[in-house]
Amino acid sequence: MKVDWLIVGAGLTGATFAERIANERGESVLILDQRDHIAGNAWDEYNSFGILEHKYGPHIFHTNSKQVWDYLSQFTEWRPYFHKVLGSIDGKLVPLPFNLNSIDQLFPSSMAERIISKLVNVYGYGSRVPILELLKASDEDLRFIADYAYKNVFEQYTLKQWGMRPEDLSPAVTSRVPILVSRDDRYFQDTFQAMPLLGFGVMVRRMLSHPKIRIMLKTRWQDIQDQIIFDRMVFTGPIDEFFQFKHGKLPYRSLKFQVDTFPFELSQSAAVINYPNEYDYTRITEMKWLTGQRHSQTTTFTEFPIPHVHGQTVPYYPIPTEDNKQLFKLYQEESDALQGKVIFAGRLGDYMYYNMDQAVARALMLFSKMNKNG
Ligand SMILES: Cc1cc2nc3c(=O)[nH]c(=O)nc-3n(C[C@H](O)[C@H](O)[C@H](O)COP(=O)(O)OP(=O)(O)OC[C@H]3O[C@@H](n4cnc5c(N)ncnc54)[C@H](O)[C@@H]3O)c2cc1C
């Protein structure tokens, strides 16, 4: 088979490239995926009870990029959705990220009032203060609340999520965790927050609906690479796998999901409840909150972080440590040597955690750069 472009991986990164190449350049694309579906980790499907579920864990769309919003809006209508997360802390369910309402719920009223007025006076209402910055405050109450949030919300969750202590992760991860000096209980504050009306799978199917795009599923690139003649390639699989792990394996964290369906309408009071301190799972998601579906039954996903074992588990999260960054750099140098014949992109190709909007934004940017260069 001969095509202009071979794209490995039919997730959001691969689909954005395929769509742009077919529509903008009129060139032919073969996009393949080892899974039996498109849309990568964003895939959603109806389970045997007729409930729409996110097969690889909860996916919520949010972005500040008008470019990404406008681009994806060509392929889907949206259902407005503000994501809310509660954390089980000291026996109460309080809003996360930790905010003024969480403080009100957790502490006696005089104490809560004192802490809240100090936060507002020092940092201003509406600000996001990184916990690590707050830990350095000279005021005892501010240090107390920072320490409380760090221990009860962040530290234990990080241990479960990554199997590592926060200080062993890249500072970029720990330095971002904020306390919100506001009463906005939404998990995200992005300008655009919504869910695709018919789901992510339908959105990606529409992106790939073009006569110049051919989709091949249940196909590993390694198994057919000799049978396809192509001019150029986009690779959104694991970059270390592409280079036969010559510098060693890039580590990932994986997940195991326990999926339960209950014979009643709703089982919890928010889309996601985090359990930073109890149990060995991190969070439970109730799918109907995300999808807006009405149904007499309800499905939940309970998430257990597990070590990734190559060939046995799904490589979900690149592990953000300095050592891993250095290892990735060696593969990046290998990819630079290919001088643009192969474009590496996406969560696995760039060994970088991207939200969906970031994955699309990066694919749009790389496409436009490549398109300019011919
Ligand atoms: C648990 C979880 C929750 C998330 N929640 C959110 C969220 O709420 N909001 C948000 O914006 N983002 C979320 N994300 C991130 C989102 O999943 C990614 O941004 C998005 O999937 C990136 O798309 P991608 O195409 O780069 O990668 P992927 O979706 O991983 O697609 C890569 C595809 O390549 C295929 N592939 C790999 N190797 C080969 C090979 N050798 N041959 C053939 N095919 C191959 C894989 O099967 C896969 O389908 C979440 C991620 C995870 C893991």
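In what strand order and with what pairing is the open sheet of 3 strands built? The order is S5-S11-S6, and the pairing is antiparallel. Strands, like helices, are DSSP runs numbered from the N terminus, with H or I over at least four residues for a helix and E over at least two for a strand. Two strands count as paired if DSSP finds at least two bridges between them.

The model is a predicted one, in which local features need pLDDT of at least 70 and side-chain atom pairs count only at pLDDT 80 or more, while totals for chains, interfaces and linings use all residues. Residue numbers start from 1 along each chain as its sequence is written.

**Sheets and strand pairs**

In the sheet of 3 strands, the edges are formed by strand S5 (61-63) and strand S6 (78-80), each of which pairs on one side only. From one strand to the next, the twist averages 40 degrees. Such angles run from 0 to 180 degrees between N-to-C directions, and the axes are lines fitted to C-alpha atoms, for helices over the stretch in contact. S6 is joined to strand S11 (residues 192-196) by 3 bridges, and the two run antiparallel. Within this pair, Pro80 has Ala194 in S11 as its bridge partner.

A further open sheet consists of 5 strands in the order S12-S2-S1-S13-S19, with parallel pairing. Strand S12 (213-216) and strand S19 (342-344) are at its edges; each has a single partner strand, so one side of each lacks a neighbour in the sheet. The twist here averages 20 degrees from one strand to the next. Strand S1 (residues 2-8) pairs with S2 in the parallel sense over 4 bridges, and Val8 stands opposite Leu32 in S2.

Strand S7 (residues 85-89) and S8 run antiparallel and are joined by 5 bridges. Val85 stands opposite Leu96 in S8. The hairpin of S7 and S8 has 2 residues between the strands.

**Backbone conformations**

Most residues other than glycine have a negative phi, and most peptide bonds are trans. The following table lists positions with a positive phi.

| Residue | Phi | Location |
|---|---|---|
| Ala39 | near 80 degrees | loop between strand S2 (29-32) and strand S3 (44-46) |
| Asp90 | near 50 degrees | hairpin of S7 and S8 |
| Gly124 | near 90 degrees | following H4 |
| Gln339 | about 50 degrees | just after H12 |

The peptide bond from Leu96 to Pro97 is cis, with omega near -5 degrees. Pro97 belongs to the loop between strand S8 (92-96) and helix H3 (100-106).

**Helices and their contacts**

The expected span of a helix is 1.5 Å times one less than its number of residues. For the 16 residues of helix H12 (residues 322-337) this gives 22 Å, and the end C-alpha atoms are 23 Å apart, which agrees. Helix H4 (residues 109-123), with 15 residues, should span 21 Å, and its end C-alpha atoms are 21 Å apart, which also agrees.

The axes of H4 and helix H6 (residues 140-162) come within 9 Å and cross at roughly 100 degrees. H4 and H6 are therefore roughly perpendicular to each other; angles under 35 degrees count as roughly parallel, over 145 as roughly antiparallel, 65 to 115 as roughly perpendicular and the rest as oblique. In this contact, Arg114, Ile115, Lys118, Leu119 and Val122 of H4 meet Asp141, Leu142 and Ile145 of H6. The contact of H4 with H6 divides into 5 nonpolar, no polar and 3 charged residues. Residues are in contact if their C-beta atoms, placed from the backbone, lie within 7 Å. As to class, Ala, Val, Leu, Ile, Met, Phe, Trp, Tyr, Cys and Pro count as nonpolar, Asp, Glu, Lys and Arg as charged, and the others, Gly among them, as polar.

For helix H2 (residues 66-73) and H14, the axes come within 10 Å and cross at roughly 90 degrees, and these helices are therefore roughly perpendicular to each other. Gln67, Val68, Tyr71 and Leu72 in H2 meet Asp357, Val360, Ala361 and Leu364 in H14. By class, the contact of H2 with H14 has 6 nonpolar, 1 polar and 1 charged residues.

How values were computed. Contact = placed C-beta atoms within 7 Å.
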